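Me: I have a model open and want to learn to read its features one by one. Can you take me through them?

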Amino acid sequence: MKISFFFAALFLLDFFTFFCAYLQYPLPDIEDAKFIEDCVKSHNTFRSKVNPPASNMLRMSWDAALAKTAKAWAQKCKFDHNTYLKIPGKMHPTFPLVGENIWTGTALTFSVDAALRSWFNEVRSYDFSTNTCTDECRHYTQVIWAESYKVGCAVHFCNTVEKFPGLFKAAHFVCDYGPVGNYPRKPYKEGKPCSRCNNEKCVDRLCGKTKAIKPPVPSHVPATEHPRPSCDQYCLSVLILRPLFLILSIGAVLLVQQQFPHTFFYE
C-alpha cells in the first residue's frame with residue numbers, strides 16, 4: 001500500500017491549522033465560583049477605598065440574571081454598550097434599568113482585578129467636590145455608585161473586537177449593575193463609613209444589603225436582539241474553510257502522485 005509523505009504532511013498541517021485557529025485562551029464562565037468571587041470581592045474592595053469616605057456605600061453581591069445579560073452582550077464582541085440599556089425592563093427581570101462597564105484587552109493578560117483597577121483608576125480624572133471629570137471617569141463612578149448593590153459580569157474570548165482596531169485574541173469583559181448608577185449627582189454621600197447604613201450590618205466600611213430582590217425568572221432572555229450561537233463568525237469561517245482546504249490538499253496530493261509516481265512514496 002502506497003503512502004504519500006505529502007499526503008500525511010498535509011493532513012498534519014490541516015489538523016494543526018484548525019487546532020491553532022480554534023484554540024482560545026481559557027476564560028472563566030459566569031458559573032465559575034472563583035470568577036464570581038473575584039468579581040464581587042474586587043468591586044467591594046474598591047468601593048471600600050473611596051476618598052472621601054462614603055457613609056452610605058452598599059456592599060455588592062452577585063446577580064445571576066445580570067451575569068447572563070452581560071455574557072450575552074460580551075459574546076457580541078463589540079466595544080460598545082448594550083443597545084437596550086436605556087429601555088426599561090429589557091435588561092433584567094427586576095431592575096428597570098441597569099448600568100454597564102466594558103473592558104477589553106489581551107486574553108493572555110486578563111484578570112478581573114486588572115480590569116476593575118483600570119476602572120477605579122479613573123478616579124484621577126474625577127473631582128468629588130464638584131462632581132466633574134477632566135477625562136473619562138464614568139466607569140469609576142459606576143463601580144463606586146453607592147446604591148448599586150448587585151453585579152453580574154462575564155468575559156468572552158474574541159478574535160477581534162468591533163470598534164477596537166488592532167486588537168486580536170481579546171478578552172472582552174462586561175459587568176452589569178443594578179440598580180443603574182451615573183445619575184447627574186455625586187455617586188455617594190460623604191461621611192463616616194456606614195453611618196447611613198439604616199441599621200444594616202457594616203462590613204469592611206460597607207453597608208450590608210439585606211433587601212431581597214425577586215429571584216430571576218428562568219425564562220428571562222437577555223436583551224441582545226437574538227441569542228448568539230456558541231460558534232462566532234471566526235469559528236464559522238474556520239469550519240467552512242477547513243474542509244475546503246482539505247479537499248484542495250487531497251487534490252494536490254493526487255495530482256503530484258499522478259505526475260511524479262516515484263517521488264516521496266514508499267511501500
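**Salt bridges, sheet, rings and one histidine**

Reply: Start with a charged pair: aspartate 29 and lysine 71 join their side chains in a salt bridge, 2.9 Å from N to O. This pair links distant parts of the chain, 42 residues apart: aspartate 29 sits in the loop between α1 (5-22) and α2 (33-47), lysine 71 in helix α3 (residues 64-74). Helices (H or I, at least four residues) and strands (E, at least two) are DSSP runs, numbered from the N terminus.

Me: What should I know about the model and its numbering?

Reply: The model is predicted, so local features need pLDDT of at least 70 and side-chain atom pairs count only at pLDDT 80 or more, while totals for chains, interfaces and linings use all residues. Residues are numbered from 1 along each chain as its sequence is written, and side-chain values use heavy atoms, with hydrogens and water left out.

Me: What counts as a salt bridge, and how many are there?

Reply: Side chains of opposite charge can pair when their charged atoms come close. The rule asks for a side-chain nitrogen of Lys or Arg within 4 Å of a carboxyl oxygen of Asp or Glu. By this rule there are six salt bridges.

Me: How far apart are the closest N and O atoms of lysine 34 and aspartate 38?

Reply: They are 2.9 Å apart, in a salt bridge. Lysine 34 and aspartate 38 are four residues apart in helix α2, so about one helical turn separates them.

Me: Where do lysine 163 and aspartate 80 lie?

Reply: Lysine 163 forms a salt bridge with aspartate 80, the closest N and O atoms being 2.9 Å apart. The pair links distant parts of the chain: lysine 163 is in the loop between β6 (150-160) and β7, aspartate 80 in the loop between α3 and β3 (99-106), 83 residues apart.

Me: Which of these charged residues are exposed, and which partly exposed?

Reply: Use relative accessible area: buried is under 20%, exposed over 50%, partly exposed in between (1.4 Å probe, protein chains only). Lysine 34 is exposed at 51%, and lysine 163 is exposed at 56%. Aspartate 29 is partly exposed at 34%, as is lysine 71 at 27%. Aspartate 38, at 23%, is partly exposed. Aspartate 80 is partly exposed at 34%.

Me: How do I read the sheet?

Reply: Strands of a sheet pair through backbone hydrogen bonds, either parallel or antiparallel. Two strands count as paired if DSSP finds at least two bridges between them. Here four strands form an open sheet in the order β2-β6-β7-β3, with mixed pairing. β2 and β3 stand at the edges with a single partner strand each, so one side of each has no neighbour in the sheet. β6 and β7 run antiparallel, joined by 10 bridges. Lysine 150 stands opposite glycine 178 in β7.

Me: Which strands does α3 touch?

Reply: α3 packs on the sheet and touches β2, β3, β6 and β7. Contact means heavy atoms within 4.5 Å. The direction of α3 makes about 20 degrees with that of β6. Axes are lines fitted to C-alpha atoms, for helices over the stretch in contact, and angles run from 0 to 180 degrees between N-to-C directions. Helix α4 (residues 112-120) lies across β3 and β7, at about 65 degrees to β7.

Me: How many aromatic pairs are there?

Reply: Rings of Phe, Tyr and Trp (its six-membered ring) pair if their centres lie within 6.5 Å; planes under 30 degrees apart are stacked, over 60 edge-to-face, the rest tilted. The structure holds 12 aromatic pairs. Among them, phenylalanine 35 and tryptophan 62 are edge-to-face, 6.3 Å centre to centre with 80 degrees between the planes. Phenylalanine 35 lies in helix α2 and tryptophan 62 in strand β2, so the pair ties together parts 27 residues apart in sequence. Phenylalanine 35 is buried at 2% relative accessibility, and tryptophan 62 is buried at 17%. One aromatic cluster is formed by Phe35, Trp62, Trp103, Phe110, Trp119 and Phe173.

Me: Is histidine 172 buried or exposed?

Reply: Histidine 172 counts as buried, at 0% relative accessibility. Its place is strand β7 (residues 168-178). A polar atom of its side chain lies 2.9 Å from the backbone oxygen of lysine 78. Histidine 172 and lysine 78 are 94 residues apart in sequence, yet 8.4 Å apart in space, C-alpha to C-alpha.

How values were computed. Polar contact = N/O pair within 3.5 Å; in protein donor to acceptor, adjacent residues only side chain to side chain.
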